[in-house]
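Please look through the structure shown here, with the sequence at hand, and follow the explanation below from one part to the next.

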Protein chains: 2
Amino acid sequence: MTTTPARRLTRKGEQTRARIVEAAADLMFVRGVAGTTLDHVRAEAGVSSSQIYHYFSDKDALVRAVVAFQNDAIVGQHERSFATLDSVPALRAWRDQIVAHQERMQCQGGCPIAALGSELGELDLDAREGVAIGFHRWQAAIRHGFEAMQSRGTLPAEVDVETLATATLAALQGGLLLCQMHRSTAPLAAALDTMLDHVESLAQ
Amino acid sequence: MTTTPARRLTRKGEQTRARIVEAAADLMFVRGVAGTTLDHVRAEAGVSSSQIYHYFSDKDALVRAVVAFQNDAIVGQHERSFATLDSVPALRAWRDQIVAHQERMQCQGGCPIAALGSELGELDLDAREGVAIGFHRWQAAIRHGFEAMQSRGTLPAEVDVETLATATLAALQGGLLLCQMHRSTAPLAAALDTMLDHVESLAQ
DNA sequence: CACTTTCTGGAGTTGCTGATCCATTTTTAT
DNA sequence: ATAAAAATGGATCAGCAACTCCAGAAAGTG
C-alpha cells in the first residue's frame with residue numbers, strides 16, 4: 001500500500017480533504033467504486049472539480065484514502081469493542097450489536113471494507129493490500145479478546161486463538177455477505193451463533 | 001430475477017449465445033463487471049458487436065445470464081459433491097478440494113458468485129436476486145449432506161442442520177474472501193477447519 | 001507588509017463505452 | 001423453391017467520466 005506523498009496541508013486543506021474522503025466513502029459504499037463518479041463526489045462534498053485533483057493524484061489515490069478511512073472507522077470501532085470483550089456473554093452481546101446494526105441498515109451494503117476488497121481485489125493492488133491490512137487488524141482485535149479470555153481462565157490455554165479469531169472473522173464476513181444477498185439477518189445470526197456455540201464448547 | 005424473454009434460437013444461435021456468456025463470465029471474474037467492456041467480450045468470444053445485442057437487450061441482461069451461468073457451474077459442482085457427502089471424513093475431503101483449488105488459482109478471484117453479488121448487490125436488483133438463488137441452492141446442497149449424516153446416524157437428529165448448513169456456507173464465503181485478500185489459503189483453511197471441528201464435536 | 005505557497009472555481013478536452021443502424025448472409029419452415 | 005426469420009459484420013453515434021488548465025482568492029511566512 002503506497003502512502004500518499006507527504007504534502008503540506010493547511011488546517012482548511014485538511015478539512016477539505018477529509019470532506020472529500022468521507023463523501024467518497026459514503027458514495028462508494030452505496031454505489032460501488034465504479035458506480036461513483038468524481039462528479040458525484042464533487043457535488044456531495046461541495047467542492048470544485050480541481051480540488052479533488054489538488055488533494056489526490058487520481059481516482060485510485062482517492063480510493064486508497066477511502067480504504068484507509070474505512071479501516072479506521074470500522075476496524076477501529078471493533079478494536080474498541082474487543083478491548084473489553086473477555087467472556088462468552090460479552091461475545092453474544094457483540095453479536096447482537098452487529099445483527100441489530102444490519103437490521104437498522106435493512107441488510108444493505110454489507111461490510112464496507114469487504115465491498116471495497118471484493119470490487120478492487122484483482123484490479124488495484126494497493127487497494128487489496130489496504131483491505132488486507134484492515135482485515136489483519138480486525139483479526140488481531142478479535143484474537144486479543146480470546147487471549148483475554150485465556151488470561152481470565154475462561155478459555156483453555158491450549159486453544160489456538162489465532163485460528164479461532166480468523167474463523168470468527170470469516171464467519172462474520174460470510175454472514176454479512178449472505179445477509180446482504182438475502183436481505184435477511186437470519187444467515188448472519190446463524191453464522192455468528194454457530195461460531196460462538198463452538199467457542200462456548202471450547203470454554204467448558 | 002426476471003427471465004430472458006423467450007426467443008427462438010437456432011442451434012448455431014445457442015452456441016453463439018453460450019460463447020458470449022462464457023467469455024463474459026471469464027472476463028467478469030477477472031476484471032469485474034464494471035471493468036469488463038462489451039468490446040472485451042466481443043473480442044474474447046470472437047463475435048461482432050451486433051451479435052451481443054442480438055442475444056441480450058443490454059449489458060444488464062448479459063450480466064444476469066452470467067449470474068445464472070455461474071450458479072450452474074459453481075453450485076452445480078457442489079451439489080454433485082454433496083450428493084455423496086455423508087460423513088466427517090468426506091467433509092474434510094471436500095475442504096481439501098476447495099483449499100487445493102484456491103492454491104492452484106493462487107488465491108485470485110475468490111468465489112465468482114460472491115464477486116458478482118458484492119459488486120452488483122446494491123446496483124442491480126435482478127443480479128442480487130440471482131445470486132441469492134445461487135446461495136440458496138448452495139446452502140440446500142450442504143444441508144442435504146448433513147441430513148444424510150443424520151439418516152446414517154452420524155449426526156444426532158436434534159441438530160439444526162438448517163442453521164449448520166448456513167454457517168458452513170458463511171464460513172466458506174468468508175474464508176474465500178480472506179484468502180483472496182491475503183493471497184493465502186491459511187485463513188480459508190482456518191475457517192473451514194474450525195467449522196468442521198464444530199460439526200465433528202456435534203457428531204459424537 | 002511583501003512574498004510564497006496553498007487552495008479554489010469552473011470551463012474545457014479527450015478517450016472510451018454502451019448502444020444503434022442497416023445491409024448482407026445463413027438457416028428454417030411451408 | 002421461396003418466403004420468413006434468425007444470424008452476422010461493421011460502421012457510427014452520443015453521452016459520460018476522468019482528467020487538464022489557468023486564473024484568481026485565501027492563507028501562511030518572514
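The model is predicted, and a convenient place to enter it is the fourth helix of chain B, whose buried residues have a covering that includes H1, H3, H6 and H7 of chain B. The buried residues in H4(B) are B:Leu62, B:Val63, B:Arg64, B:Ala65, B:Val66, B:Val67, B:Gln70, B:Asn71, B:Val75, B:His78 and B:Phe82. An α-helix has 3.6 residues a turn, so residues three or four places apart point the same way. The helix itself runs over residues 59-82, which makes 24 residues, and its span from first C-alpha to last is 34 Å, close to the 34 Å expected at 1.5 Å a residue. At B:Val75, H4(B) bends by about 25°, and B:Val75 is also one of the residues that are buried.

From this helix the reader can turn to the place where the two protein chains meet. Chain B brings 42 residues to the contact, and chain A brings 42 residues as well. On the side of chain B that touches chain A, at least two residues each come from H1, helix H6 (112-120), helix H7 (125-152), helix H8 (161-182) and helix H9 (186-203) of chain B, and H8(B) provides the largest share, 16 residues. Sorted by class, this side of chain B holds 20 nonpolar, 18 polar and 4 charged residues.

The DNA comes next, beginning with strand C. There are 23 residues around DNA strand C, and those that come nearest are A:Gly13, A:Ser48, A:Ser50, B:Ser50 and B:Asp58. At least two residues of this surface come from each of helix H1 (11-31) and helix H3 (49-55) of chain A, and from each of helix H1 (11-31), helix H2 (38-45) and helix H3 (49-55) of chain B, while H3(A) gives the most, with 4 residues. The surface near DNA strand C is made up of 4 nonpolar, 12 polar and 7 charged residues.

For DNA strand D, the surrounding residues number 23, and A:Thr37, B:Arg8, B:Gly13, B:Ser48 and B:Ser50 come nearest. Two or more residues of the surface near DNA strand D are given by each of H1, helix H2 (38-45) and H3 of chain A, and by H1 and H3 of chain B, and here H3(B) gives the most, with 4 residues. This surface has 4 nonpolar, 12 polar and 7 charged residues.

A database record can be set beside this picture. In an unreviewed entry, UniProt lists residues 14-74 of chain A as "domain: HTH tetR-type". Over residues 14-74, chain A is 80% helix and 0% strand in the model, with the end C-alpha atoms 21 Å apart.

Conventions: Residues numbered from 1 in each chain as written. Chains lettered and ligands numbered in written order. Predicted model: local features only at pLDDT ≥ 70, side-chain atom pairs only at ≥ 80, totals over all residues. Near = placed C-beta within 6 Å. Nonpolar A, V, L, I, M, F, W, Y, C, P; charged D, E, K, R; others polar. Contact = placed C-beta atoms within 7 Å. Expected span 1.5 Å × (residues − 1). Bend = angle between axes of the 7 residues up to and from the residue. Buried ≥ 20, exposed ≤ 12 C-beta atoms within 10 Å, placed from the backbone. UniProt positions renumbered as here; feature names shortened; annotations may be inferred.
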